[in-house]
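Trainee: Got a minute to walk me through this one? I'd like to go helix by helix, then look at a few single residues.

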Amino acid sequence: MLGSLKDRVENIKKLMPLIMDLRNEAMRPRHWNQLMEDVGKEFDPYADTFTLNLILELGLEHYADTISTLSGGAAKELAIEEALVKIEKLWGELTLDLAPYKEYIKLRSVDDVYAALEDNAVLLSTMKASRFAIAFLEALDKWEKALSHVSETIEMMMNVQRKWCVRTTDEDH
C-alpha cells in the first residue's frame with residue numbers, strides 16, 4: 001500500500017508541469033480551441049468539472065509537449081497584449097508641453113513625444129517580427145499608422161510654428 005501511494009505521488013509529480021501549463025492565465029479561447037483540435041476532444045477548460053481526473057480521462061498527459069508549446073506561446077502572446085495596453089495607456093496620458101507665446105500658445109518641447117514615438121516604434125517593430133504576433137497584427141498595424149500620423153503632425157506643427165515665430169519676431173522689429 002505504501003509503495004502504491006508513493007507511486008501515485010510520483011505520477012502526480014510528473015503531471016505538475018502539465019497542470020501548470022493548463023492553468024496558465026495567458027491561455028485564451030483560441031489556445032484552448034487549438035488544443036481541442038489537436039487532441040480531437042471537446043471540453044470546457046473553464047468549467048468546475050475540468051479536474052485532474054478529467055484531464056487524465058481525456059488523456060491530455062499524452063499531449064504534454066503540445067500543451068507546453070501552446071502555453072509557452074500564450075505567455076509570449078500575453079507579453080505582446082500587455083505591451084499594447086501599455087502603449088495605449090501612454091498615449092492616452094501623454095500631454096503636449098504648451099507655453100504662452102505673445103498672445104498665442106506654442107509647443108515648447110516635443111522631446112517626450114519624440115522619445116515615446118521612437119521607443120514605441122521600435123517596440124512595435126520588434127513585436128511584429130515575433131511569430132507570436134499573428135493574433136495582434138491588426139492592432140500592431142493600427143498603432144504603427146497612428147504613431148506615424150502623430151509624428152507627421154508634430155513635425156508639421158513644429159515647421160509651421162518655426163516659420164510663424166520667425167515671422168512674428170520679424171514683425172516686432
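Trainee: Which residues of helix α2 are buried?
Mentor: Quick caveat: this is a predicted model, where local features need pLDDT of at least 70, side-chain atom pairs count only at pLDDT 80 or more, and totals for chains, interfaces and linings use all residues. Numbering starts from 1 along each chain as its sequence is written, and side-chain values use heavy atoms, with hydrogens and water left out. Buried means under 20% relative accessible area, exposed over 50%, partly exposed in between (1.4 Å probe, protein chains only), and helices (H or I, at least four residues) and strands (E, at least two) are DSSP runs numbered from the N terminus. For α2, residues 29-39, that gives His31, Trp32, Leu35, Met36 and Val39.

Trainee: Why do the buried residues of α2 line one face of the helix?
Mentor: An α-helix has 3.6 residues a turn, so residues three or four places apart point the same way. Look down the axis of α2 and take the directions from the helix axis to the C-beta atoms. The buried residues line one face because they fall within an arc of 135°.

Trainee: At what angle do α2 and α4 pack?
Mentor: Axes are lines fitted to C-alpha atoms, for helices over the stretch in contact, and angles run from 0 to 180 degrees between N-to-C directions. The axes of α2 and α4 (residues 64-93) are 10 Å apart. The pair is roughly antiparallel, a label for angles over 145 degrees (under 35 is roughly parallel, 65 to 115 roughly perpendicular, the rest oblique). The angle itself is about 165°.

Trainee: Which residues in α4 does α2 meet?
Mentor: Contact here means heavy atoms within 4.5 Å. From α2, the residues involved are Arg30, His31, Gln34, Leu35 and Asp38. Their partners in α4 are Thr66, Ile67, Leu70, Ala74 and Glu77.

Trainee: Ser71 is in α4 too, so which residues is Ser71 in contact with, leaving aside neighbours within four places in sequence?
Mentor: Ser71 counts as buried, at 4% relative accessibility. With those sequence neighbours set aside, its contacts are Asp21, Asn24 and Met27.

Trainee: And Lys102, what is its phi?
Mentor: Lys102 sits in the loop between β1 (97-101) and β2 (104-109), and is partly exposed at 42% relative accessible area. Most residues other than glycine have a negative phi. Lys102 isn't a glycine, yet its phi is positive, about 55°.
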